[in-house]
Amino acid sequence: MIEKKIITNPDSEVDLENRKIFDISLRDRRRLRQIVKNVHMKHFPIQEITDREADKLIESLGPSTQEKLIKEYIDKL
């Protein structure tokens, strides 16, 4: 069984250079991470599904796609 890593400070997982590009609230960042992990990374090995990997994918999506994903997530709630 693979042990999951508990992250107490999610900002420590994000590279400071990338945070300049990834300028959204912590709440929205957590939402996007959840979406990306459940949809885009569902076929990844469990040990590779980390916040850092999710952030890399989110950064590659661009701001308009990020907004669209957040809006769809909120609408489903």
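The following exchange concerns helix α2, its surroundings and a pocket in a predicted model.

Me: Where does Leu32 lie?

Reply: Leu32 is part of helix α2.

Me: Is Leu32 buried or exposed, and why?

Reply: Leu32 is buried, because its relative accessibility is 0% and the buried class covers values under 20%.

Me: Which residues does Leu32 touch?

Reply: Leaving aside residues up to four places away in sequence, Leu32 touches Ile24, Ile58, Gln66, Leu69 and Ile70. The C-alpha atoms of Leu32 and Ile70 are 6.6 Å apart, although 38 residues separate the two along the chain.

Me: Now α2 and α3: how do their axes cross?

Reply: The axes of α2 and helix α3, which covers residues 51-61, cross at roughly 90 degrees and come within 9 Å. The two helices are therefore roughly perpendicular, since angles of 65 to 115 degrees count as such.

Me: Which residues meet there?

Reply: From α2 there are Arg29, Leu32, Arg33, Val36, Lys37 and His40, and from α3 there are Asp51, Ala54, Asp55, Leu57 and Ile58. By class, this contact comprises five nonpolar, one polar and five charged residues.

Me: Different topic: how much space lies in the second largest pocket?

Reply: The second largest pocket holds about 180 Å³. The elements that each give two or more residues to its lining are α2 (26-40) and α4 (63-76).

Me: Which element gives the largest share of that lining?

Reply: Helix α2 does, with five residues. Among the lining residues are Gln34, His40, Leu69 and Tyr73.

Me: And what about the lining by class?

Reply: The lining has five nonpolar, three polar and two charged residues.

Methods
Residues are numbered from 1 along each chain as its sequence is written. This is a predicted model: local features need pLDDT of at least 70, side-chain atom pairs count only at pLDDT 80 or more; totals for chains, interfaces and linings use all residues. Side-chain values use heavy atoms; hydrogens and water are left out. On a 1 Å grid over the protein atoms alone, a cavity is a set of points where a 1.4 Å probe fits but cannot get out, and a pocket is an open set with protein on both sides within 12 Å along at least five of seven lines; lining residues have an atom within 4 Å of a point. Grid points are joined across faces, edges and corners, and a volume is the space filled by probe spheres set on the points. Helices (H or I, at least four residues) and strands (E, at least two) are DSSP runs, numbered from the N terminus. Ala, Val, Leu, Ile, Met, Phe, Trp, Tyr, Cys and Pro count as nonpolar, Asp, Glu, Lys and Arg as charged, and the others, Gly among them, as polar. Buried means under 20% relative accessible area, exposed over 50%, partly exposed in between (1.4 Å probe, protein chains only). Contact means heavy atoms within 4.5 Å. Axes are lines fitted to C-alpha atoms, for helices over the stretch in contact, and angles run from 0 to 180 degrees between N-to-C directions. Angles under 35 degrees count as roughly parallel, over 145 as roughly antiparallel, 65 to 115 as roughly perpendicular and the rest as oblique.
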